[in-house]
Amino acid sequence: VDNDSDDLESRNRKLNEAWKERIYAVLHPDSMGSIEAVESYGNLLCSGARVTVQGCIETSNEHEVPILWVTKCRLLRSTWRPSVVRTLLDLLHAGKLDIQEAADALELPGGYAQAEEVAEGKTSGTERQWMAAEITQTLQSENSRTGKVTDSMIESLDAFESAREAYPIEVVKFASTSGGSFEYGTAATILDMNSNR
């Protein structure tokens, strides 16, 4: 019994040390059950995706780095990258991805019902392409810094409020050489005039 507890303590110590290092996850058909599962998740797991993986950690290997042999994988949220979103929709259409997992990962506005339509083949390739573009935009917007105003940005705006009031942006119209007219803000007009000298 003492040998078993010493062995268990030794393995736990190794695991605790392993969590301090980068852990390499390996998707392999022998551990995941099929080559299809490996190929599907291999195409979906990239920067920006959120995923839950389960498996066995091996700490004693020739490279002495911890390796997680993935036995189960679930995509929680897809990356916003258009090609990945399109691949996910195509995998769903082909029946190679769980309907609920796809609905959750893509944060579909229609939820399970919308994902089920794709899985049942009720959408054409063109419809999936358009759907991918819309989903990409939604996923990107939620993770984009565009449109998010931080406290420091608000402080900067407050600090220069008097300058904005004293020197407001003015729209200036002037004729172009082709006969049309353009509208520029004052600063753009000044830059444009200076570049013509």
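The following paragraphs lead through a predicted model of one chain, from its overall make-up to its sheet, its helix contacts and a few individual residues.

Because the model is predicted, local features are taken only where pLDDT is at least 70 and side-chain atom pairs count only at pLDDT 80 or more, whereas totals for chains, interfaces and linings use all residues. Residues are numbered from 1 along each chain as its sequence is written, and side-chain values use heavy atoms, with hydrogens and water left out.

The chain has ten helices and five strands, where helices (H or I, at least four residues) and strands (E, at least two) are DSSP runs numbered from the N terminus. Of its 197 residues, 22% count as buried, a class that means under 20% relative accessible area, with exposed meaning over 50% and partly exposed lying in between (1.4 Å probe, protein chains only). If contact is taken to mean heavy atoms within 4.5 Å, residues 24 or more positions apart account for 56% of the contacts in the chain that have a separation of 6 or more.

A useful place to begin is the sheet. Three strands form an open sheet in the order 1-3-2, with mixed pairing, two strands being paired if DSSP finds at least two bridges between them. Strand 1 (24-26) and strand 2 (50-58) are the edge strands, each of which pairs on one side only, and the twist from one strand to the next averages 50 degrees. The mixed character can be followed pair by pair: strand 1 and strand 3 (residues 67-77) run in the parallel sense over three bridges, while strand 2 and strand 3 pair in the antiparallel sense over nine bridges. On the parallel side, A25 stands opposite L68 in strand 3, and V26 has W69 of strand 3 as its bridge partner. On the antiparallel side, the bridge partner of R50 in strand 3 is R77.

Within strand 2 lies C56, whose C-alpha atom is separated by 5.2 Å from that of W69, a residue 13 positions away along the chain. Leaving aside neighbours within four places in sequence, C56 is in contact with I67, L68 and W69. With a relative accessibility of 49%, C56 counts as partly exposed, whereas C73, at 9%, counts as buried. If a disulfide is defined as a pair of cysteine sulfur atoms within 2.5 Å, the count comes to zero disulfides.

From the sheet, the path continues to the loop between strand 3 and helix 4, which is the place of S78. At 1% relative accessibility, S78 counts as buried, and, not counting residues up to four places away in sequence, S78 touches G48, A49, V84, V85, L88, A105, L106 and L139.

The helix contacts come next. Two packed helices are described by the angle between their axes and the distance between the axes; here the axes are lines fitted to C-alpha atoms, for helices over the stretch in contact, and angles run from 0 to 180 degrees between N-to-C directions. Angles under 35 degrees count as roughly parallel, over 145 as roughly antiparallel, 65 to 115 as roughly perpendicular and the rest as oblique. The axes of helix 3 (residues 35-44) and helix 4 (residues 82-93) come within 9 Å and cross at roughly 150 degrees, and the two helices are therefore roughly antiparallel to each other. In this contact S40, N43 and L44 of helix 3 meet V84, T87, L88 and L91 of helix 4, and the residues divide into four nonpolar, three polar and no charged. For these classes, Ala, Val, Leu, Ile, Met, Phe, Trp, Tyr, Cys and Pro count as nonpolar, Asp, Glu, Lys and Arg as charged, and the others, Gly among them, as polar.

Helix 4 also meets helix 6 (residues 111-119), with axes that come within 7 Å and cross at roughly 70 degrees, which makes helix 4 roughly perpendicular to helix 6. Here L89, L92 and H93 in helix 4 meet A115, V118 and A119 in helix 6, and by class this contact has five nonpolar, one polar and no charged residues.

The last residue to consider is E107, placed in the loop between helix 5 (99-106) and helix 6. Most residues other than glycine have a negative phi. The phi of E107, however, is near 50 degrees, a positive value in a residue other than glycine. With a relative accessible area of 32%, E107 is partly exposed.
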